[in-house]
Amino acid sequence: MSNWNAPADWQRLCDGSACPICMRGEPLNIIAPLEASWLTMSERAPMRGYVCLVSRIHAVELHDLSAAQAEAFMRDVHRVSRVLSAVTGAVKLNYEIHGNTLPHLHMHFFPRYVGDPFEGRAIEPSRIVAPVYAAGEFAVMRGRMVAALGGAPR
């Protein structure tokens with residue numbers, strides 16, 4: 001069952017009054033503040049190198065941003081894409097914007113690799129139950145991302 005089936009709850013998420021990101025003032029697992037967003041990364045991820053870019057402005061859809069805000073968000077997308085590709089060596093990056101469960105604008109970045117569990121098809125994150133990082137590997141990947149973005153670890 002989705003939050004869509006509870007219209008009042010869904011509306012509070014959409015208007016930001018019950019948005020956990022807005023209520024906290026930021027998302028969890030931030031590794032870098034960017035121009036219009038925060039970049040997050042968690043060890044509990046569906047793919048090695050998975051990151052999520054979260055808008056600093058509460059918006060449900062990309063078109064809810066002003067043109068200037070959308071341009072700034074897309075500059076962050078471009079920057080993260082370039083860095084993530086270089087750091088991970090992925091053969092392809094997949095980008096996804098949903099907001100079906102948390103309607104606060106965010107973009108998922110899924111690095112794709114030869115032999116990944118979803119090679120040749122869509123990623124199904126819920127099918128990943130085992131850790132994707134070996135011991136110590138996440139810290140190294142996170143550190144490389146932060147360094148490539150030109151920041152200090154948060």
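Two strands count as paired when DSSP finds at least two bridges between them. Helices (H or I, at least four residues) and strands (E, at least two) are DSSP runs, numbered from the N terminus.

Before you start clicking: this is a predicted model, in which local features need pLDDT of at least 70 and side-chain atom pairs count only at pLDDT 80 or more, while totals for chains, interfaces and linings use all residues. Residues are numbered from 1 along each chain as its sequence is written, and side-chain values use heavy atoms, leaving out hydrogens and water.

**Stop 1: the sheet.** Show the strands as a cartoon. You will find an open sheet of five strands in the order S1-S2-S3-S5-S4, with antiparallel pairing. Its edges are S1 (30-33) and S4 (92-96), each pairing on one side only. Neighbouring strands are turned by 25° against each other on average, direction ignored; axes here are lines fitted to C-alpha atoms, for helices over the stretch in contact, and angles run from 0 to 180 degrees between N-to-C directions.

**Stop 2: one edge.** Select S1 and S2 (37-40). A hairpin of three residues links S1 to S2, and three bridges join these antiparallel strands. Pick Pro33 and you will see Trp38 of S2 opposite. Now add helix H4 (137-148), which lies across S1, S2 and S3 (51-55) at about 5° to S1.

**Stop 3: the other edge.** Select S4 together with S5 (106-112); five bridges join this antiparallel pair. Which residue in S5 stands opposite Glu96? That partner is His108.

**Stop 4: the core.** A nonpolar core is a set of buried (under 20% relative accessible area, 1.4 Å probe, protein chains only) Ala, Val, Leu, Ile, Met, Phe, Trp, Tyr and Cys residues joined through side-chain atoms within 4.5 Å. The largest one has 40 residues, and Leu39, Met41, Val51, Leu53, Phe109 and Met145 have the most contacts inside it. Helix H3 (67-88) is among the elements that give two or more residues, and H3 gives the most, with seven. Centre your view on Phe109: leaving aside neighbours within four places in sequence, its contacts (heavy atoms within 4.5 Å) include Val77, Leu84 and Tyr95.

**Stop 5: the pocket.** Finish by selecting Thr40, Tyr50, Cys52, His106 and His108, which lie nearest the centre of the largest pocket among its 24 lining residues. Helix H2 (20-24), S3 and S5 each give two or more residues to that lining.

Definitions and conventions: Buried means under 20% relative accessible area, exposed over 50%, partly exposed in between (1.4 Å probe, protein chains only). On a 1 Å grid over the protein atoms alone, a cavity is a set of points where a 1.4 Å probe fits but cannot get out, and a pocket is an open set with protein on both sides within 12 Å along at least five of seven lines; lining residues have an atom within 4 Å of a point.
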